[in-house]
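This briefing is meant to be read beside the structure shown below. Topics are grouped so that each can be followed on the display.

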2 protein chains.
Amino acid sequence: MSGQKIHTMEQFAAASGISRPTVSKYFNDPDSVRPRTREKIEEALGRFNYTPNLFAINQNRKKTKNIGVIVPYLADPFFAEMARMIERRCIDAGYWPILFSSHGQRQLENNALDTLLSLRPVGALIAPLGRVSDLEHLRKFAKEVPTVTFDSNQEIGEAFVGSDNYQSIGLIVDYLCRTGEPPCFFELPPVNPNARKRTKAYIQAMEALGHTPQVIRAGDQSWDFEQTGLNEGKRLIAERKLPTNTVLCSNDRIAIGLLAAAYQMGLRVGAGTECALRVAGHDDHPWAQYTCPPLTTVRQDYVAIVDRSIEKLFEIIASESSDDSREETLFDGKLMLRASA
Amino acid sequence: MSGQKIHTMEQFAAASGISRPTVSKYFNDPDSVRPRTREKIEEALGRFNYTPNLFAINQNRKKTKNIGVIVPYLADPFFAEMARMIERRCIDAGYWPILFSSHGQRQLENNALDTLLSLRPVGALIAPLGRVSDLEHLRKFAKEVPTVTFDSNQEIGEAFVGSDNYQSIGLIVDYLCRTGEPPCFFELPPVNPNARKRTKAYIQAMEALGHTPQVIRAGDQSWDFEQTGLNEGKRLIAERKLPTNTVLCSNDRIAIGLLAAAYQMGLRVGAGTECALRVAGHDDHPWAQYTCPPLTTVRQDYVAIVDRSIEKLFEIIASESSDDSREETLFDGKLMLRASA
DNA sequence: AAATAAACTTTACGCGCGCAAAGAAATTCA
DNA sequence: TGAATTTCTTTGCGCGCGTAAAGTTTATTT
């Protein structure tokens with residue numbers, strides 16, 4: 001690398017013997033310049049390590065290449081994994097994903113929206129917090145930038161992509177009823193619409209099969225689901241308040257807590273007759289396969305959800321038309337039979 | 001909100017009846033303007049929802065407010081949690097954190113570094129991938145922007161903050177030897193320097209106590225540690241190749257896999273005499289408390305690590321002096337006694 | 001070989017804001 | 001009340017790049 005520092009495209013253009021507009025063209029699409037020109041630029045790129053200033057770029061572009069991504073809770077591997085896939089897709093498509101986590105807090109979700117707004121993104125992919133979301137704030141945001149929501153449907157933005165909770169819950173309720181005692185339902189703290197929908201779906205599925213639904217409510221509103229599952233689970237087991245020997249948990253993280261509770265209380269969990277309890281979850285969390293016993297659950301097709309979300313967002317960005325038709329896409333879940341139920 | 005759209009500070013200044021430079025001053029520090037002026041601006045802010053263009057801001061500032069944050073693997077709740085704390089601290093200090101995950105891949109780490117560079121950050125907080133890191137690339141980056149590394153020490157940047165593996169491993173080896181059979185060591189795939197250091201620390205600690213160290217090597221180089229723990233664990237148990245009835249795992253995620261393996265193979269894990277195996281981990285992973293049985297481990301003081309990293313970075317940014325003295329800070333681990341050992 | 005097309009260079013403007021200087025207005029102090 | 005101080009306004013430059021227009025060179029076609 002040569003001595004003097006290259007800081008602007010002007011300097012770099014001079015150093016490479018190419019005019020600035022052409023260099024600019026190169027950075028926007030290396031294939032858009034003649035091979036020999038490209039060579040010369042890339043040769044210079046080897047000598048000096050120059051990177052165009054992203055702020056100057058984005059200030060001048062008609063449209064930025066930014067795509068905002070907001071997830072409710074990044075410490076949840078489920079969202080971390082989705083975020084990873086989204087980032088990949090965006091980068092591959094030439095966009096620049098900017099990731100925010102609301103960390104379960106309304107204030108942080110609002111902050112993320114504001115910061116995002118000041119980055120003038122061409123689009124946004126948002127999994128809203130849900131119940132604690134500031135819907136007014138979200139709506140205001142979605143009015144300014146094309147938005148696709150996923151995971152949690154708040155009727156915001158131009159499209160929603162998620163799972164069909166009625167189908168997936170129906171699937172596992174059906175399985176559990178077929179193979180043993182009908183399940184009670186360990187409800188998620190109602191932090192988002194999915195929680196409510198799953199409860200409803202459970203009740204509906206049970207009634208359709210002629211069973212009496214029994215819902216266990218967890219009091220608090222924390223996103224620390226494992227803790228809820230563990231504490232509540234221990235209490236229920238100790239007080240013998242579990243209404244049935246089969247528990248369907250509103251999501252896997254609660255199930256992870258409940259499995260720990262059962263273990264600590266000496267209750268054997270599994271499908272076999274020698275077991276005292278059956279536990280099932282929902283989502284197929286990355287760690288569902290490492291629980292003891294491995295967790296039977298319904299897999300959310302998050303690959304499809306991510307793909308469809310991105311696809312839809314790109315469509316909207318390309319069309320530029322903000323027709324008011326809101327599209328909702330729901331994907332089916334898939335039974336993941338393991339040892340816990 | 002009024003009709004016409006406000007897009008520039010000029011327009012907003014006109015609408016609020018204040019001059020643009022003063023409005024600019026307000027946005028940089030609301031307290032720097034007279035109370036009555038502030039009122040007028042905030043009143044206008046209520047009528048129009050104007051946000052200064054972040055790109056224009058950062059292009060013109062002598063120094064941006066950006067702080068780059070790169071973690072090796074965001075889907076690991078350990079790093080997700082640290083990232084969350086770092087973000088918080090940065091925002092509170094008036095900086096704008098930009099988070100990247102290398103997702104375990106050299107290419108992505110390099111991409112993150114390049115993108116970061118083009119954002120002209122005033123500083124960076126980096127947990128390098130480790131073995132697969134492109135050290136040359138990292139060094140180049142650190143030459144241009146003040147960098148503090150954490151978690152994995154690659155002798156890059158102006159400071160490193162991490163855990164004292166010799167102390168922490170010594171602590172748990174000592175505990176395990178005192179309370180039962182001396183442990184063998186389930187080595188992490190050597191993805192980063194911590195992995196190697198911990199192995200060395202284990203050997204050293206065992207020898208100091210007069211025991212023969214026995215290291216189990218896991219073949220692959222994946223970041224999917226639980227899978228490694230599970231697969232390798234099952235194989236070792238099936239082939240009766242576990243050299244001792246006590247296994248110290250290089251980190252908790254491996255231990256989680258090993259616990260699952262033991263469970264699936266019908267091996268009872270715990271400290272009691274009725275148990276066939278003792279398993280201990282390292283890190284105090286957020287989920288270590290939900291394993292079956294709950295995992296005995298050494299807690300990394302990641303609050304201290306984050307605090308010190310941030311503090312150090314702010315110092316460097318403030319001083320602007322790039323004295324070549326590299327500072328390394330190591331924090332002690334703390335024994336977390338649970339049921340698994 | 002000439003004619004057409006593609007890629008290039010030169011020139012010039014504008015993006016939205018930070019920032020600096022000089023003077024005017026408002027506030028504080030003696 | 002006047003002087004000193006603070007805060008404001010006006011004016012104007014510059015950041016680093018995208019982008020457009022017009023003219024020039026190079027590559028491709030017939």
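The notes below take up the sheet, the cores, the contact between chains, the surface near the DNA and some local backbone features. The model is predicted. In chain A, six strands form an open sheet with parallel pairing, and chains A and B meet in a contact that takes 35 residues from each of them. A further surface, made up of 26 residues, surrounds DNA strand C.

**The sheet of chain A**

- The strand order in this open, six-stranded sheet of chain A is S2-S1-S3-S4-S5-S11, and the pairing is parallel.
- Strand S2 (96-101) and strand S11 (327-331) of chain A stand at the edges, and because each has a single partner strand, one side of each is left without a neighbour in the sheet.
- From one strand to the next, the twist averages 15°.
- Helix H12 (residues 302-319) of chain A packs on this sheet, where it touches S3, strand S4 (147-150), strand S5 (159-163) and S11 of chain A, and its direction makes about 175° with that of S5(A).
- Strand S1 (residues 66-71) and strand S3 (residues 123-126) of chain A run parallel and are joined by four bridges, and Ile70(A) stands opposite Ile126(A) in S3(A).

**Nonpolar cores**

- The largest nonpolar core has 169 residues, of which Leu259(A), Val279(A), Leu259(B) and Val279(B) touch the most other members.
- Leaving aside residues up to four places away in sequence, Leu259(A) touches Val269(A), Val279(A), Thr291(A), Cys292(A) and Ser340(A), and in chain B it touches Cys292(B).
- Another core, of nine residues, lies apart from the largest one and includes Ile18(B), Val23(B), Tyr26(B) and Tyr50(B).

**Contact between chains A and B**

- To this contact chain B gives 35 residues, and chain A likewise gives 35 residues.
- On the side of chain B that touches chain A, the elements that give two or more residues are H4, helix H5 (77-92), S2, H6, helix H10 (225-238) and helix H11 (252-264) of chain B.
- By class, that side of chain B has 20 nonpolar, nine polar and six charged residues.

**Surface near DNA strand C**

- Among the 26 residues that surround DNA strand C, the closest are Ser19(A) and Thr37(A) from chain A together with Met9(B), Ser24(B) and Asn60(B) from chain B.
- Two or more residues of this surface come from each of helix H2 (20-28) and helix H4 (54-60) in chain A, and from each of helix H1 (9-16), helix H2 (20-28) and helix H4 (54-60) in chain B.
- The surface near DNA strand C comprises 12 polar, nine nonpolar and five charged residues.

**Local backbone features**

- Cys292(A) and Pro293(A) are joined by a cis peptide bond with omega of about -10°, and Pro293(A) is found in the loop between strand S9 (278-280) and strand S10 (297-299) of chain A.
- In chain B, the peptide bond from Cys292(B) to Pro293(B) is also cis, with omega near -10°, and Pro293(B) is found in the loop between strand S9 (278-280) and strand S10 (297-299) of that chain.
- Asp284(B), which is found in the loop between S9 and S10 of chain B, has a positive phi of about 55° although it is not a glycine; with 23 other C-beta atoms within 10 Å, Asp284(B) is buried.
- His103(B), which lies in the loop between strand S2 (96-101) and helix H6 (106-117) of chain B, has a phi near 50°, a positive value in a residue other than glycine.
- His103(B) has 20 other C-beta atoms within 10 Å and therefore counts as buried, since the cut-off is 20 or more.

Key
Residues are numbered from 1 along each chain as its sequence is written. Chains are lettered from A and ligands numbered from 1 in the order in which they are written. This is a predicted model: local features need pLDDT of at least 70, side-chain atom pairs count only at pLDDT 80 or more; totals for chains, interfaces and linings use all residues. A nonpolar core is a set of buried Ala, Val, Leu, Ile, Met, Phe, Trp, Tyr and Cys residues joined through C-beta atoms within 7 Å. A residue is buried if 20 or more other C-beta atoms lie within 10 Å of its own, exposed if 12 or fewer, and partly exposed in between; C-beta atoms are placed from the backbone. Two residues are in contact if their C-beta atoms, placed from the backbone, lie within 7 Å. A residue is near a molecule or strand if its C-beta atom, placed from the backbone, lies within 6 Å of it. Ala, Val, Leu, Ile, Met, Phe, Trp, Tyr, Cys and Pro count as nonpolar, Asp, Glu, Lys and Arg as charged, and the others, Gly among them, as polar. Two strands pair if DSSP finds at least two bridges between them. Axes are lines fitted to C-alpha atoms, for helices over the stretch in contact, and angles run from 0 to 180 degrees between N-to-C directions.
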